[in-house]
Each structure stands twice: as structure tokens, then as C-alpha cells.
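Trainee: I would like to learn how to read a structure of this kind feature by feature. Could we open it and begin with the aromatic rings?

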Amino acid sequence: MIKPLEKIVIVGGGTAGWVAASMLANHMAKPDYSPSSVKIELIESSEIGTVGVGESTIPPFLEMLTNLGINQQDFVKYTQGSFKLGIQFDNWLRKGESYFHPFGTITAGMNEQIFFQMWLKSAHQGDKFGLQDFSPCNIMAKHRRFYLPQLLENSPVSEARYALHLDAKLVAEYLRQYAEARGVVRTEGKVVEVIQRDDGAIASVVLASGETVAADFFVDCSGFRALLIEKTLGSTYRDWTHYLPCDRAIATQIEKVDETVPFTRATAADYGWIWRIPLQRRIGTGYVYASQYCSDDEALNTLKSTLDGKILLEPKVIPFRTGVRDEIWKKNCISIGLASGFIEPLESTAIHLTVRGMVHLLRNFPDKDCDPALINQYNRRMIVEYEEIRDFIVLHYCMTEREDTAFWRWCKNMELPPSLKETMDYYKVQGGLPDMIDALFHSVNWRSVAEGMGVRPRKYSPLIEEMDYESAKKKMLDYAETMEAYVKKLPSQDQFIRDNCSAY
Ligand code: FAD
């Protein structure tokens, strides 16, 4: 017999807490609490506050907004956001060199695999045009242009994709309004004690006010504190610092001094890298570094030397540990967001993993029994997604040719995760990549970063030899020329924002 959940408590009101509340509310809560609906309560402590970073997203974030029925333009306006076409990586392969990791596909109007092989053949023959010369997102970013690609169907940029840069505080505020309007109850309070049932599952949480809040199911969104999943239920952490040694960030915000570029910038520094995320009126920036090589003071000085606008927020040090929890879901408690694990933010994947955590919860939604088979599948699936992202992030570091600091020498000589080694050995033959179910990063992503980091397959597919190379090459070059001319006529990102979603 099904024993439906009657009450869910979410602990934490950062991006994860409010994403979880919104997705649950969208599925099940009703403002009038009809008998069939589950009661959802979110507890957050403004005294503790949120981590305050996490402002660059990837395209699937937009799918979440669509699924919630949120108007994208309205959301961008409220969160003072801007549009992102990819990430520019500076100084990663060598100092002074840059590459772009774009969203969307790269096809030059051909079948994607055939295009890539034809391009590879041309590269092997010494032609100078790069893979990114055919990427709509890259060309738009190069010219600082933006327009919604879905409104440019049948144009040379229709295969572009985009994501958003957002103010994290305003995201939580927006989603709070969304969730509260759908029946989620917010309680201000600090959880000071967690009461367990005889079977070890969580029965209730006790607030500093003395109030006890009971539920059948708990969502731990308490951030790095991992109050329920770790401190109470003892779920252990799979530490990946030996693959990704950055373990601290120092974050700040500065006034915007020039145009809003439609991309995130990740600039490699001596002991890590510096992010730069442009919003409508300010820039979020920070230095992600490895504390075994660099002190907080040194990191602060490095960050300050890059700031070109008035500092709006006192720089704040955020310690973290790259890894994932062995049991993201344990008994009647699931951890979402930073409480479940964290991979350093180089490809802006954490909010995505928050959404994935909720998507898989809804696919495996339990009743009061919380069947262990659901929990096992959930944990296995989420860990695969974390591993995929971990490998992709390691790729950005391990192919460096930099040897100018102990940090980069370590990266250059690091031992790869076996799964990444296998992927790269395969890729280096003729550009093949393993198939993955529901993969976040597709062949275009791996190829863009591998090429940017100087890793080119040794050969191209012999099947290409059977095809008309000269006419394919002409088609590719015509495409690049047409696209370049087309993009130059698009509005700048600032113009697009002014016309459509300005917050001011
Ligand atoms: P938090 O924001 O820390 O929220 C925790 C919540 O729990 C708060 O509301 C707090 O008050 C509450 N809480 C804690 N303890 C208690 C208690 N005892 N009682 C009551 N409430 C409690 N992600 C991206 O997708 N893109 C990025 O560009 C990106 N950049 C990042 C850069 C850095 C340096 C770091 C560290 C992370 C970055 N992330 C990024 C990750 C992103 O910040 C998080 O995924 C996101 O903010 C969600 O955080 P959270 O809600 O899990 O935790």
C-alpha cells in the first residue's frame, strides 16, 4: 500500500533550498493545501546567511525556468542578469594564450560528425582555420553580440545556445516568491538540534526558538555545513582533492566599468584561476586557489591586482573540498546543493547538479517507506553525473604546458582519473568520445576544451577519404564567412538588454 509523504522539510534557503522548494511546489504543493497535497516547509537562517556566490549558469538552467513556467526575460530583469554564450579561458595552455568553450553545436551546416572529421582533415593538412571559427557562440562572443538564437531560426547562428549570469541573492529572492505563491511555508530560524527516530531516520528539527518541526522527509540544503546528511546521518565524503587541488576561493564584487560581455571569463593565475561574471551593473569576481601553494593573503593580493572597478563587497574567503557524498540520499533525507558535494566552479556546474538532484528525486519520488532500491539507484546515478563533470574539469588542467609554478607543474604531471585517461586515449586516435546516458557535456564540449588545450587527434576517420573533401571545405569556409557577416549585424549584448530586459 502506498503511504504518501505528508510533510517535507527543507533546511536551507540558498539557491539550492529555493530551487528545491520551487521544483517540489511546481509538482505537488497547492496554496490551499488540498488533502492530496504535500505540505512543504523551508527553514532558513538569515543569521547564518548563504554562500553568496554561484552566478554563472549553463543552458539546462533555462529548461528548469521553462518547466517552472517562469518567463525568462522577467527572470533576467529581476536578477539583473546577462546572457552567456560560453567561457573564455585565458592563460591555461600557456601564458598569453586563450581559447573559447562555446555552448551550442559546431556543424558549419553539415552533419556534426562529418564536419568535425572534415575539419580535422583540414587541420592535419595545415589549414589555419580553427574549430571555433565555425562556432556561432564563439563568433557572437568575439564580436560581443547577442540575440536569442531561438528567434533566429534558419540563420547561420540558429545552433547557438546560451545560459545566464545572475545575482545569486536575487535568484533566491525570486524563487522564494515563486515557491511561497505555490504554498511553500518559509520559517526563519536556526536549526540547533536534529531528532532521530529509532530506525535512525530523521524525525524532526529543533529551532533556536525552541520550536520543533517534524516531517516524513527532509531535504538538506544547508550548504557546506551538511547539517542533516553528514552531521546527523554520518554520510561520508568522497574527496577528489587529489585530482582537483583547489580548495579555497576569495570572492568579491566590483562596479562594472565597460560593456557587458556575453561570456564568463576564467583566467589562469599562479595557483588557480580567476572568474569574472558580468551582470547588468556589477561584476562578480574571485580567485579559486590551492591553499597548499598559496596563502589567503597572497590570493587576496593577486585578486586585487586584477580589479578594475570600485569594490562593492568586502572580499570573502570560502573554503571548500572537491568531492561528492557517498550517500547523497540516506534514509529519509536527501542532500541537494553544496550539502551533497561540490566540484570547483570552472564550468559553472553546481546549480545544474542541484537541478539534476531534484529531477532524479522527482523521478524516484518515495513514499514514507523510502525504499532502499530507489535510494541506491539515485545515489549511483548522481555520482556518475558528478564523475563526468570531475573528469571534464580535470581535462582543463592536466593538458597544460605551464611549468611556471609548483601548482602548474603538479597539474602537468598529475595522475588522471582512470575514466578520463580512457576517454582521452580514445579521443587522441581520431576524435571519438564514449557515449554516455544523459551526458551533460557532449562531444562538442570535449573537443572544444581538448583543442583549446592543444590536444588534437592523431588521425581523422578513414571514412572521410571516401567523401568530397574540396566541396566540404568550400562549404565550411562559405559558412564561416556568412556567419561572421551575419553576427556583425546583431545587437551588442548591452543593446539587447536595454531593449528587452533591463533592470534599471
Ligand atoms: P548556501 O548558499 O550556503 O545555503 C545554505 C543555506 O542553509 C542558507 O540559507 C543557510 O542560512 C542555511 N543554513 C545553514 N545552517 C543552518 C541552520 N543551522 N539552520 C537553518 N538554516 C541553516 N555554482 C554555479 O552553478 N555556478 C557558479 O558560477 C558557481 N560559482 C561558485 C563559486 C564558488 C567559489 C563556490 C564556493 C561555489 C560556486 N557555485 C557555483 C556553487 C553555488 O554557489 C551553489 O551551488 C549555490 O549557491 C547553492 O548553495 P546552497 O544553497 O547549497 O548553499
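Mentor: Keep in mind throughout that this is a predicted model. Counting the aromatic pairs gives 29 in this structure.

Trainee: How is a pair of aromatic rings described, and what are the values for tyrosine 293 and phenylalanine 407?

Mentor: A pair of aromatic rings is described by the distance of the centres and the angle of the planes. For tyrosine 293 and phenylalanine 407 the centres are 5.9 Å apart and the planes stand at 80°, which is an edge-to-face arrangement. Tyrosine 293 lies in the loop between strand S16 (282-289) and helix H7 (296-306), whereas phenylalanine 407 belongs to helix H10 (residues 406-413), so the pair ties together parts that are 114 residues apart in sequence.

Trainee: Is each of these two residues buried, partly exposed or exposed?

Mentor: A residue counts as buried when its relative accessible area is under 20%. Phenylalanine 407 has a relative accessible area of 0% and is therefore buried, while tyrosine 293, with 22%, is partly exposed.

Trainee: Which residues are linked with them into a cluster by ring pairs?

Mentor: The cluster joined by ring pairs consists of Phe89, Trp92, Tyr99, Tyr293, Tyr397, Phe407 and Trp408.

Trainee: Two of those, Phe89 and Tyr99, make me curious about the strands; where is the bridge partner of phenylalanine 89?

Mentor: Phenylalanine 89 has tyrosine 99, in S5, as its bridge partner. Strand S4 (residues 86-90) pairs with S5 in the antiparallel sense, over five bridges, and S5 itself is mostly covered, with four of its five residues buried.

Trainee: What is the order of the strands in the sheet that holds S4 and S5?

Mentor: The order is S5-S4-S14-S15-S16-S13-S17, an open sheet of seven strands with mixed pairing. At its edges are strand S5 (98-102) and strand S17 (311-319), each of which pairs on one side only. Neighbouring strands of this sheet are turned by 15° against each other on average, with direction ignored. At the S17 edge, strand S13 (residues 248-255) pairs with S17 in the antiparallel sense over six bridges, and one bridge joins isoleucine 254 to isoleucine 311 in S17. When you inspect the side chains, remember the general pattern: in a regular strand the side chains alternate between the two faces of the sheet.

Trainee: What does the open sheet of three strands look like?

Mentor: That sheet runs in the order S8-S9-S10 with antiparallel pairing, and its edge strands are strand S8 (191-196) and strand S10 (212-214), each pairing on one side only. Here neighbouring strands are turned by 25° against each other on average, again ignoring direction. Strand S9 (residues 202-207) and S10 are joined in the antiparallel sense by three bridges, with valine 206 standing opposite threonine 212 in S10.

Trainee: Rings can also have a charge over them; which rings lie under the charged ends of arginine 281 and arginine 390?

Mentor: The charged end of arginine 281 sits over the ring of tyrosine 504, 3.7 Å from the ring centre. For arginine 390 the ring is that of tryptophan 240, with the charged end 4.7 Å from its centre.

Trainee: Moving to empty space, what lines the second largest pocket?

Mentor: The second largest pocket has a volume of about 840 Å³ and is lined by 35 residues, of which Pro59, Pro60, Glu63, His352 and Leu440 are the closest to its centre. Helix H1 (15-27), helix H2 (60-68), helix H8 (350-363) and helix H12 (443-452) each supply at least two residues of the lining, and H2 gives the most, with seven residues.

Trainee: And how many cavities of 30 Å³ or more are there?

Mentor: There are three cavities of 30 Å³ or more, and the largest has a volume of about 60 Å³. Its lining includes Gly337, Phe342, Leu353 and Tyr386, and the largest share, three residues, comes from H8.

Trainee: Finally, what is the phi of alanine 226?

Mentor: Most residues other than glycine have a negative phi, and most peptide bonds are trans. Alanine 226, although not a glycine, has a positive phi of about 45°; alanine 226 is found in the loop between strand S11 (217-220) and strand S12 (237-239), and is buried at 0% relative accessibility. Lysine 331 has a positive phi of about 50°, lies in the loop between strand S19 (329-330) and strand S20 (333-335), and is partly exposed, with a relative accessible area of 36%.

Conventions: Residues are numbered from 1 along each chain as its sequence is written. This is a predicted model: local features need pLDDT of at least 70, side-chain atom pairs count only at pLDDT 80 or more; totals for chains, interfaces and linings use all residues. Side-chain values use heavy atoms; hydrogens and water are left out. Two strands pair if DSSP finds at least two bridges between them. Axes are lines fitted to C-alpha atoms, for helices over the stretch in contact, and angles run from 0 to 180 degrees between N-to-C directions. Rings of Phe, Tyr and Trp (its six-membered ring) pair if their centres lie within 6.5 Å; planes under 30 degrees apart count as stacked, over 60 as edge-to-face and the rest as tilted. Buried means under 20% relative accessible area, exposed over 50%, partly exposed in between (1.4 Å probe, protein chains only). A charge sits over a ring if NZ of Lys or CZ of Arg is within 6 Å of the ring centre and within 35 degrees of the ring normal. On a 1 Å grid over the protein atoms alone, a cavity is a set of points where a 1.4 Å probe fits but cannot get out, and a pocket is an open set with protein on both sides within 12 Å along at least five of seven lines; lining residues have an atom within 4 Å of a point. Grid points are joined across faces, edges and corners, and a volume is the space filled by probe spheres set on the points.
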